[in-house]
Amino acid sequence: MTNLTDLRPRLLMGPGPSDVHPRVLEAMARPTVGHLDPQFLGVLNDIRERLQAVFQTKNELTLAVSGTGSAGMETCVVNLIEPGDKMLVCIAGVFGQRMTDVARRAGATVTTIDVPWGQVFTAEQVQAAISQSGPFKVVGIVNAETSTGAAQPIPEISQVVHDAGSLLLVDTVTSLGGMEVDVDGWQIDACYSGTQKCLSCPPGLSPVTFSPAAVAAMDARQTKVQSWYLDMSLVRQYWGTERLYHHTAPINMNYALHEALRLVLDEGLQARWQRHARVHESLKSELESLGLRYLADPAHQLPMLNAVATPEGVDEGAVRKRLLDEYDLEIGGGLGEHKGKAWRIGLMGESATPRHVEALVSALKTLL
Ligand SMILES: Cc1ncc(COP(=O)(O)O)c(C=O)c1O
């Protein structure tokens with residue numbers, strides 16, 4: 001039997017969750033109150049305001065979905081898609097594949113385009129797919145592909161998507177809080193994230209935001225949203241002024257997000273992005289001097305997710321196990337076509353510090 005008091009703290013340097021600030025853990029231990037208690041409704045109002053600041057948006061419909069990043073993905077898809085609607089998904093790794101699966105389950109007629117893992121799409125490629133198979137109601141893309149470590153160029157792609165009259169849906173699960181995400185500036189219509197990456201909050205909530213155009217598309221639906229739980233027409237009556245009961249909000253998780261967002265905004269978005277970039281540069285030069293090779297296109301490398309090829313002859317799982325057992329340090333293994341051949345090293349939120357880089361590099365020097 002596991003005794004929770006015996007849990008050993010780890011340095012979390014995988015693809016999420018990341019280390020959590022003690023203030024966030026303390027926030028979770030605040031008294032649980034009712035989900036309609038005016039005190040808690042104040043917490044929700046703050047969360048919406050803070051999320052608007054972090055997403056860089058004025059979108060009224062901005063809230064935290066009760067569920068992890070995948071629930072945010074599903075929320076965006078099922079609220080925008082009605083059976084038979086056409087959707088284009090740009091697949092550059094595992095999470096683009098997941099979005100495709102979610103869209104097909106929601107009844108979308110899905111067209112996909114692919115780039116090799118580690119590469120990014122050009123606006124011309126998206127334009128070509130729209131010309132060939134469009135028009136699409138929605139175009140979906142993952143900003144920071146956690147399986148490869150590449151950052152997709154959202155502003156350029158947004159332009160061609162909007163010129164074609166489509167809605168742009170963007171996954172910012174890994175990017176939000178660790179690099180620039182500008183929902184209004186980039187004209188993103190539906191955007192979701194997760195709490196456990198660069199926001200450095202435990203997993204459990206998914207921030208989402210919808211533009212006025214996305215809300216208009218939802219309001220114009222002919223059919224009910226396929227998921228009762230994730231139906232924004234219902235959930236927004238709880239987050240909005242009506243305060244209608246929909247489901248019991250995960251109270252203490254929302255406390256955690258409230259505090260985590262405060263830490264993000266106290267640091268300042270620019271300062272936080274710069275910290276991630278700086279710490280990434282130092283990790284990259286250390287890893288390259290150990291002979292490790294990055295897998296993503298260097299021009300589009302993410303700061304917070306460093307996917308590197310496991311050196312020839314090294315058992316990637318065995319090294320990860322020793323890092324965990326002997327150094328209390330977690331990194332991730334490769335996903336999908338990188339399984340067994342790569343490590344994914346996260347520098348996310350509280351885990352993006354020189355101390356983390358030093359700990360990992362010194363351990364790898366011994367283990368490799
Ligand atoms: C880019 C991306 N999208 C979606 C998800 C799914 O999030 P979750 O595992 O929190 O459901 C992840 C999780 O790693 C992710 O990295």
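Two residues are taken to be in contact when heavy atoms of theirs lie within 4.5 Å. In the predicted model described here, Val126 meets this criterion with Leu88, Cys90, Ile113, Phe121, Ile157, Val160 and Val161, residues up to four places away in sequence being left out of the count. Val126 also figures among the residues with the most contacts inside the largest nonpolar core, a set of 92 residues; Val77, Met87, Met99, Phe121, Leu169 and Phe210 are the others listed with it. Helix 9 (residues 251-267) supplies the largest share of this core, with nine residues. Another core, of 22 residues, lies apart from it and has Leu283, Leu292, Val308 and Ala352 among its members.

The surroundings of Val126 can be followed through the helix that carries it. Within helix 5 (residues 123-133), burial applies to Ala123, Val126, Ala129 and Ile130. These residues lie on the same side of helix 5, because the arc they cover around the axis is only 125°. Glu124, Ser131 and Gln132, on the other side of the helix, are exposed. The cover over the buried residues of helix 5 includes strand 3 (86-91), strand 4 (109-114) and helix 6 (154-163).

Strand 3 and strand 4 belong to an open sheet of seven strands, arranged in the order 2-10-9-8-5-3-4 with mixed pairing. Strand 2 (61-66) and strand 4 form the edges, each being paired on one side only. From one strand to the next, the twist averages 20°. Helix 5 packs on this sheet through strand 3 and strand 4, and its direction makes about 150° with that of strand 3. Elsewhere in the sheet, three bridges pair strand 8 (residues 167-171) with strand 9 (residues 190-192) in the parallel sense. Val170 is placed opposite Cys191 of strand 9.

A second helix was examined in the same manner. In helix 7 (residues 212-219), the buried residues are Ala214, Val215, Ala217 and Met218. Their arc around the axis is only 155°, and they therefore occupy the same side of helix 7. Pro212 and Asp219 are exposed on the face turned away from that buried side. Elements covering the buried residues of helix 7 include strand 2, helix 3 (69-80), strand 8, strand 10 (205-210) and helix 8 (232-239).

The cysteines were considered next. No disulfide is present, a search of the whole structure having returned zero. For a disulfide, the two cysteine sulfur atoms would have to lie within 2.5 Å. The sulfur of Cys90 is not bonded in this way because the closest cysteine sulfur, that of Cys191, is 15 Å away, too far for a bond. Cys191 likewise remains unpaired because its closest cysteine sulfur, in Cys76, is at 7.2 Å, again too far. Both sites are enclosed: Cys90 counts as buried at 2% relative accessibility, and Cys191 is buried with a relative accessible area of 0%.

Burial also extends to Glu145, a residue of strand 6 (residues 144-145). The relative accessible area of Glu145 is 1%, so this residue is buried. Its contacts, again without residues up to four places away in sequence, are Ala92, Gly93, Val94, Phe95, Gly96, Ala150 and Leu302. Of these contacts, Val94 is separated from Glu145 by 51 residues in sequence, while the C-alpha to C-alpha distance between the two is 7.7 Å.

A further set of paired strands involves strand 12 (residues 305-309). Five of the five residues of strand 12 are buried, so the strand is largely enclosed by the rest of the structure. In a regular strand, side chains alternate between the two faces of the sheet. Both faces of strand 12 are covered, with Leu305, Ala307 and Ala309 buried on one side and Asn306 and Val308 buried on the other. Strand 12 is joined to strand 11 (residues 293-294) by two bridges, the two strands running antiparallel. Five bridges connect strand 12 with strand 15 (residues 342-346), also in the antiparallel sense. Ala309 takes part in both pairings: Ala309 is the bridge partner of Arg293, and Ala342 in strand 15 is the bridge partner of Ala309.

Notes. Residues are numbered from 1 along each chain as its sequence is written. This is a predicted model: local features need pLDDT of at least 70, side-chain atom pairs count only at pLDDT 80 or more; totals for chains, interfaces and linings use all residues. Side-chain values use heavy atoms; hydrogens and water are left out. Buried means under 20% relative accessible area, exposed over 50%, partly exposed in between (1.4 Å probe, protein chains only). Helices (H or I, at least four residues) and strands (E, at least two) are DSSP runs, numbered from the N terminus. The arc is that of the directions from the helix axis to the C-beta atoms. Two strands pair if DSSP finds at least two bridges between them. Axes are lines fitted to C-alpha atoms, for helices over the stretch in contact, and angles run from 0 to 180 degrees between N-to-C directions. A nonpolar core is a set of buried Ala, Val, Leu, Ile, Met, Phe, Trp, Tyr and Cys residues joined through side-chain atoms within 4.5 Å.
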